[in-house]
Amino acid sequence: MRAIYLSLIAAILICPLLWSAMDEKSPPVHPGPLKIEAKPLPLDSSDPQRIMLGSLRYLGGWQLKSPNPALGGISSMDVLPDQRFLALSDTGILFGFTIPIAASSPFVAPLPLRAMDLPKAKDLWDTESMTRDPATGQYWVGFEMVQRICRYAPEFARAQACVDRPEMKDWPITGGPEAMARLPDGRFVAFGETAPGPKGGNDMLLFPSDPVAPGGSPKAIRMSYIPPQGYVPTDAVWIGNNRLLMLNRRVTLFDGFTAVITMLDISDMHKDAVLRPQEIARLAPPVLADNFEAMAVEKRDGQSILWIASDDNHMFFQRTLLLKFALPPELELE
C-alpha cells in the first residue's frame with residue numbers, strides 16, 4: 001500500500017496536467033466564510049518533547065481541515081503585520097485566516113482575473129508563487145503552465161497587470177516559476193522548479209525592476225541556483241542582509257516527501273552566477289514531513305518567526321500542515 005501511495009504522489013508531481021482536466025469539472029469557488037479546524041501536532045510523534053530542527057526551534061504545528069473541499073493545495077503564503085495569513089493554492093484560490101483560528105473569521109475567495117483573461121480562465125489555475133511589497137501592499141503572483149507573472153492591488157482587490165515573461169518561455173510547462181521574492185530595492189528573483197540553469201542546477205532570474213511594469217521591465221539576468229541534491233526550490237523569502245531563505249522539496253518512492261530549508265547569500269548576483277545555499281534544517285521522518293511548498297516570515301514580539309505550509313494536492317493521504325519556527329540569532333530578520 002505504501003508503494004501505491006508514493007507512486008500516486010510521484011504522479012501528482014510529474015503529471016499535473018491531469019489536474020487541469022479535473023479542475024475544469026470542479027464546482028466554482030465563491031467568496032465567503034470558511035470553517036477551519038486547526039489540530040495541534042508535535043514536531044516528532046516519536047519524541048513529543050523535541051523542539052529543535054537543525055538551528056530552528058519549533059513553536060507549534062497544526063493540521064488544517066475544513067468541510068469545504070476548497071481548502072488545501074497551498075503553494076505560497078504571506079503573513080501580514082496584523083498577523084493574518086493570506087495563502088494561495090495551486091488552483092488559484094485565496095484563503096485568509098489566523099492562528100489561533102478563533103481570532104479571526106477565515107475566508108475563501110477565487111483569485112481575481114482581468115476581464116481579458118476570463119475566456120481563458122481554465123488555463124490560469126496553477127498559481128505557484130507570490131510576493132508582496134510591504135510599502136504598497138501590492139502582490140505579484142507566478143503562474144505555472146503559462147509562465148506568467150501578474151501584479152495585484154492590495155488585499156488582492158483586483159488584477160492590475162500581467163506579463164508572459166520571454167525569459168521563461170522555454171521553461172518546462174510544469175517547471176516554474178515555483179518560487180519568487182521581491183527585494184527591498186525593487187528587484188525580483190524567480191526560480192524555475194525544473195528549468196535548467198545556465199551552469200547546472202535550476203534557472204534563477206533576477207529582474208532589475210517590476211517584471212510587469214508598464215512598457216516592460218529590462219531583460220532579466222540569468223543565473224544558476226544549486227539546490228540540495230535531488231531537491232527543487234518551492235519557495236523563497238527575503239530575510240535581509242542579502243539573504244533569502246529557500247524551501248526545497250523532494251519526493252521519492254522510498255522516502256516520500258521531504259524538505260530542506262536553506263539560506264542563500266545573494267550578495268553577488270551577476271550573469272551566469274552559480275549560487276549555492278547553506279542547509280539550515282531538514283524536514284524528514286520521524287519529524288513532520290509532507291509536500292512543503294510555502295513559506296512566510298515575520299517579526300513578532302521581538303522574535304523572528306518562520307512559517308511553513310504544505311500542499312496536500314487535495315489527496316486523502318496528504319495533509320495541509322502549518323508549522324511555526326523561531327529563527328536563530330544568525331538568521332534574524334533585518
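**Figure 1. Overview of the fold: 2 helices and 24 strands in one protein.** This is a predicted model, so please read each of the close-ups below with that in mind. Of the 334 residues in the protein, 57% are buried. Contacts that reach along the chain are well represented: among those with a separation of 6 or more, 55% join residues 24 or more positions apart. The accessible surface amounts to about 14100 Å², and carbon and sulfur atoms contribute 57% of that area.

**Figure 2. Close-up of the open sheet built from E9, E10, E11 and E12.** The 4 strands follow the order E9-E10-E11-E12, and their pairing is antiparallel. Strand E9 (127–132) and strand E12 (159–164) each have a single partner strand, so they form the edges, and one side of each lacks a neighbour in the sheet. On average, neighbouring strands here are turned by 20 degrees against each other, direction ignored.

**Figure 3. Where E11 meets E12: an antiparallel pair.** Follow the two strands side by side and you will find 5 bridges between them. One position to look for is Cys-150, which stands opposite Cys-162 in E12.

**Figure 4. Gln-147, in the loop between two strands of the sheet.** Strand E10 (139–143) comes before this loop and strand E11 (148–152) comes after it. Is Gln-147 buried or exposed? Its relative accessible area is 5%, which is under the 20% cut-off, so Gln-147 counts as buried. The side chain of Gln-147 reaches the backbone oxygen of Trp-171 at 3.5 Å. Leaving out neighbours within four places in sequence, the residues in contact with Gln-147 include Val-163, Asp-164 and Arg-165, and also Met-168, Trp-171 and Pro-172. Further along the chain, Ile-173, Gly-175, Gly-176 and Pro-177 are in contact with Gln-147 as well.

**Figure 5. Ser-66 and the polar atoms around its side chain.** Ser-66 sits in the loop that links strand E4 (56–65) to strand E5 (74–79). With 21% relative accessibility, Ser-66 is partly exposed, because buried would mean under 20%. Which backbone atoms lie by the polar side-chain atoms of Ser-66? The backbone oxygen of Lys-35 is 2.5 Å from a polar atom of this side chain, and the backbone nitrogen of Asn-68 is 3.0 Å from one. Setting aside residues up to four places away in sequence, Ser-66 touches Leu-34, Lys-35 and Leu-71. Look for Glu-37 too: 29 residues separate Glu-37 from Ser-66 in sequence, while their C-alpha atoms are 6.2 Å apart in space.

How values were computed:
Residues numbered from 1 in each chain as written. Predicted model: local features only at pLDDT ≥ 70, side-chain atom pairs only at ≥ 80, totals over all residues. Heavy atoms only, no water. Buried < 20%, exposed > 50% of the residue type's maximum accessible area, 1.4 Å probe, protein only. Polar contact = N/O pair within 3.5 Å; in protein donor to acceptor, adjacent residues only side chain to side chain. Contact = heavy atoms within 4.5 Å. Areas by Shrake-Rupley, 256 points an atom, 1.4 Å probe, with all protein chains shown as cover. Pairing = 2+ DSSP bridges. Axes fitted to C-alpha atoms, helices over the stretch in contact; angles between N-to-C directions.
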